[in-house]
Amino acid sequence: MSRFQRTLVTAALPYANGPIHLGHLAGVYVPADIYVRYLRARGQSVLFICGSDEHGVPITLAAEKEGISPKELVDRNYVGIRDSLRDLGISFDNFSQTSRPIHTQTSQEFFLDLHASGNLRQGTSQQFYSESAGRFLPDRYVEGTCPHCDHESARGDQCERCGTQIEAETLIKPRSVVDDSAVTLKDSTHWFLPMGDMQPWLEQWINSKTDWRENVTNYCRGWFRQGLGDRAVTRDLDWGVPVPLENHEGKVLYVWFDAPIGYVSATKEWANDRDDPEAWRTWWQDDSTRLLHFLGKDNIVFHALLFPAMLNAHSESYIVPDNIPANEFLNLEGDKLSTSRNYAVWLPDYLESFAPDSLRYCLARNLPESRDTNFTWADFQARHNNELADILGNFINRTLTFVEKYFDGRVPEMGELLDVDRQALAHLDTSIGQVERLMESFEIRAAAEALLLVTKEANRYFDEVQPWATRKSDLARCGTSLYVCCQFVRAFAGIWAIILPESMEKLWDALNIPGNLESEGWPSKERRLPAGHPVGKPEILFQKIEDETIAAQVERLRAATQ
Ligand SMILES: [Zn+2]
């Protein structure tokens with residue numbers, strides 16, 4: 001048995017510069033939510049934490065473009081992100097913001113602790129300085145001529161024409177994007193996390209992880225081979241968590257440093273909201289807590305190397321992640337998603353036209369767990385129509401219709417079980433066990449497939465025992481086979497609920513089962529529907545999606561890229 005008594009699950013903080021799209025959902029939020037719902041359904045203690053990541057230069061640039069303050073921009077985007085994720089059924093226990101005072105305080109405390117214990121080193125770096133504005137400018141605020149291709153408006157850190165990363169000192173005729181005045185390079189004093197010193201501990205720790213996904217451990221080993229270096233923790237900017245030391249005006253914590261601390265501050269906020277302000281410590285500082293980070297591959301370095309190094313260096317005994325089930329990327333109709341080209345399916349747009357469960361299912365069947373995968377609207381329609389509607393919806397509907405019509409809406413008596421019935425029930429139990437094993441090892445895509453297979457098996461059983469024929473020839477026999485079908489329906493409400501919470505809640509209500517689906521719905525031999533139990537019939541759970549509806553989405557995507 002595991003030494004863990006509870007699980008803290010974090011989902012990578014979405015960046016507050018725009019809405020959520022399908023790539024975020026497949027990489028982070030859908031798998032994390034399915035996993036959390038699975039733990040809750042198994043009666044485990046779990047806390048699901050997230051929030052929006054609201055600091056950094058892209059935020060200040062976007063705010064300046066709109067003529068509003070960074071805080072106005074992030075507050076507006078926060079609401080949009082929070083509400084759309086909620087509407088998709090992503091069931092966070094808290095969804096906070098890194099621009100809140102509790103986060104400033106928590107991040108500063110972290111910085112000061114590492115500073116006091118000598119885990120931060122002071123150094124200088126050269127940065128662009130604007131004489132006209134009297135301040136340092138981040139690279140993204142500077143343009144100049146590319147030293148590689150002579151492009152005249154290359155960014156301070158990268159040339160968008162030739163794609164080359166640019167060292168600040170090589171940019172020709174650098175100027176400020178704010179007022180077009182010339183800028184110069186000047187020494188700026190900063191604090192650095194000496195990751196090289198922490199590499200031996202990190203290597204030993206990563207090497208002890210035999211059950212992590214290969215993409216995560218391979219990625220870390222690649223970094224170890226290069227050798228970790230000092231990493232700047234502070235920068236010159238006025239939007240962010242101020243460096244809590246004297247004579248550090250105009251300096252803030254780097255967003256990579258403060259963002260993961262957001263998980264801690266969001267947990268503190270959750271504890272405060274429950275009037276139990278010290279409760280966060282149980283989740284972060286008790287080694288019977290299991291910490292899991294769900295994220296996309298672009299976030300591995302922060303969660304597998306930098307944040308664990310910070311947690312380990314802190315003088316209080318923080319736990320470090322037990323696993324980091326990182327995902328690869330989701331492509332869209334065969335191309336890379338691109339927010340700058342508006343080549344994406346945005347969650348608020350999706351929710352205007354479709355039910356949340358359809359997308360949750362389609363993504364679950366196609367999660368980029370070990371390699372990049374591809375979303376197409378045609379596949380979305382096929383999975384909804386041919387799998388959710390024709391297999392799951394159909395089985396629930398035909399079973400409950402028979403019970404309603406011929407057995408007064410009550411689960412029939414279980415008469416003598418034949419081999420075919422016993423095999424069906426045994427198959428159900430085996431499949432539940434298989435889903436459990438797959439979920440425990442983060443094979444969520446395979447678990448979704450196993451759910452579909454057992455649902456197909458239920459339909460096959462229904463066809464084999466032919467209740468429409470036995471109804472006339474042998475009503476007791478008909479009742480027994482529908483008793484078996486009712487057990488499948490009962491089990492489906494519980495196991496499918498981790499992927500299809502909205503639809504299965506409707507089914508659960510129709511089944512009149514006492515108790516809470518989310519925490520008491522997981523099926524077992526002891527949780528069968530007894531004969532005589534009254535069951536109703538839900539509305540049609542999955543209406544077919546028409547070709548025109550899908551064609552409109554494909555057209556919308558095509559138009560957006562022109
Ligand atoms: Zn260039």
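Among contacts in the protein chain between residues at least 6 apart in sequence, 76% link residues at least 24 apart; two residues are in contact if their C-beta atoms, placed from the backbone, lie within 7 Å. The model is a predicted one, in which local features need pLDDT of at least 70, side-chain atom pairs count only at pLDDT 80 or more, and totals for chains, interfaces and linings use all residues. Residues are numbered from 1 along each chain as its sequence is written.

Let's look at the chain as a whole. Buried residues account for 43% of its 562 residues, where buried means that 20 or more other C-beta atoms, placed from the backbone, lie within 10 Å of the residue's own. The C-alpha atoms fill a box of roughly 95 × 55 × 45 Å along the principal axes.

Now to the domains, whose bounds come from an automatic or database domain assignment. Their centres, taken over C-alpha atoms, are 34 Å apart. Here is what each one gives to the contact:

| Domain | Residue range | Residues in the contact |
|---|---|---|
| domain 1 | 6–118 + 255–327 | 20 residues |
| domain 2 | 351–527 | 23 residues |

On the side of domain 1 that touches domain 2, the elements giving two or more residues are α1 (22–41) and α3 (70–87). The largest share, 12 residues, comes from α1. Helices here are DSSP runs (H or I, at least four residues), as are strands (E, at least two), numbered from the N terminus; the protein chain has 19 helices and 16 strands.

Conventions
Buried ≥ 20, exposed ≤ 12 C-beta atoms within 10 Å, placed from the backbone.
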